[in-house]
Amino acid sequence: MNDCIFCKIVKGDAASWTVYEDESVKAFLDINPVNIGHTLIIPKKHYKDLFDTPKEELMHMMKAAKKVSYALKKALRVTSLNLYLASGEDAGQEIHHIHLHIIPRFPGDNIKIHYRPKPELRQKFDEIQLKIRSMINL
Ligand code: AMP
Ligand code: ZN
């Protein structure tokens, strides 16, 4: 993927503040951090989104997230974290190379992650449960 900024970072053609890497993943500071230590974890190979990414690669990403989380805890006295992954444009994915955000949280940091619940959707639970369950592993 020639025009992908994260592929450029992997190749060393664009700058990054790397905090961890191994043969399959790279973790680097988000250029627009919402808090100190905001880190992105990416597979080194280009995969677009959650559908495109093999489960082994997702496991590597999650293992790296655990490693980086401990480092953040020790290095920055991080007390809490949000993990965030946007898959697809409607979910807010802006860079189309899958990435997992690790967002350190501190007491009173006032970051708002907005979800507006739609309790009326409970009416559809029976139908939706059946639909989803019938497609698991297909
Ligand atoms: P998303 O909305 O989940 O696709 O988030 C993309 C994230 O990538 C944003 O938080 C950006 O700040 C971050 N980002 C974009 N370009 C770079 C870059 N060159 N280095 C580090 N982070 C970047
Ligand atoms: Zn890429």
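In the predicted model, the zinc ion (ligand 2) is coordinated by two cysteine sulfurs and two histidine nitrogens, namely Cys-4 (SG), Cys-7 (SG), His-46 (ND1) and His-97 (ND1), at 2.0 to 2.3 Å. The angles among the four donor atoms run from 105 to 117°, and the site of the zinc ion (ligand 2) is accordingly classed as tetrahedral. Along the chain, the donors of this ion follow the spacing C-x2-C-x38-H-x50-H. Distant parts of the chain are linked by the pair Cys-7 and His-46, which are 39 residues apart, with Cys-7 placed in helix α1 and His-46 in the loop between β3 (39–43) and α2 (55–76). With a relative accessibility of 9%, Cys-7 lies under the 20% limit and therefore counts as buried, whereas His-46, at 23%, counts as partly exposed.

Helix α1, which holds Cys-7, also contributes to the largest pocket of the model. This pocket encloses about 360 Å³ of space, and of the 20 residues that line the pocket, Phe-6, Asp-30, Ile-31, Leu-40 and Ile-95 are the closest to its centre. Two or more lining residues are given by each of the elements α1 (5–11) and β2 (25–29), and the largest share, three residues, comes from α1. In composition, the lining of the largest pocket divides into 12 nonpolar, six polar and two charged residues.

The second largest pocket has a volume of about 170 Å³. Its lining consists of Asp-30, Asn-32, Val-34, His-38, Tyr-84, His-101, Ile-103, Ile-111 and Ile-113, and these residues divide into five nonpolar, three polar and one charged. Asp-30 thus appears in the lining of the second largest pocket as well as among the residues closest to the centre of the largest pocket.

Several residues of the second lining recur in the surroundings of Asn-82, a residue of strand β4 (residues 80–84). When residues up to four places away in sequence are not counted, Asn-82 touches His-101, Ile-102, Ile-103, Arg-105 and Ile-113; among these, His-101, Ile-103 and Ile-113 also line the second largest pocket. Asn-82 and Ile-102 are 20 residues apart in sequence, yet their C-alpha atoms are 6.0 Å apart in space. The relative accessible area of Asn-82 is 24%, which lies between the limits of 20% and 50%, so that Asn-82 is described as partly exposed.

Methods:
Residues are numbered from 1 along each chain as its sequence is written. Chains are lettered from A and ligands numbered from 1 in the order in which they are written. This is a predicted model: local features need pLDDT of at least 70, side-chain atom pairs count only at pLDDT 80 or more; totals for chains, interfaces and linings use all residues. Side-chain values use heavy atoms; hydrogens and water are left out. On a 1 Å grid over the protein atoms alone, a cavity is a set of points where a 1.4 Å probe fits but cannot get out, and a pocket is an open set with protein on both sides within 12 Å along at least five of seven lines; lining residues have an atom within 4 Å of a point. Grid points are joined across faces, edges and corners, and a volume is the space filled by probe spheres set on the points. Helices (H or I, at least four residues) and strands (E, at least two) are DSSP runs, numbered from the N terminus. Ala, Val, Leu, Ile, Met, Phe, Trp, Tyr, Cys and Pro count as nonpolar, Asp, Glu, Lys and Arg as charged, and the others, Gly among them, as polar. Donors are N, O and S atoms within 2.8 Å of the metal (3.2 Å for Na, K and Ca); water is not among the atoms, so sites may look incomplete. Four donors count as tetrahedral if all angles lie between 85 and 135 degrees; four count as square planar and six as octahedral if opposite donors are over 155 degrees apart and all others between 65 and 115; anything else is irregular. Buried means under 20% relative accessible area, exposed over 50%, partly exposed in between (1.4 Å probe, protein chains only). Contact means heavy atoms within 4.5 Å.
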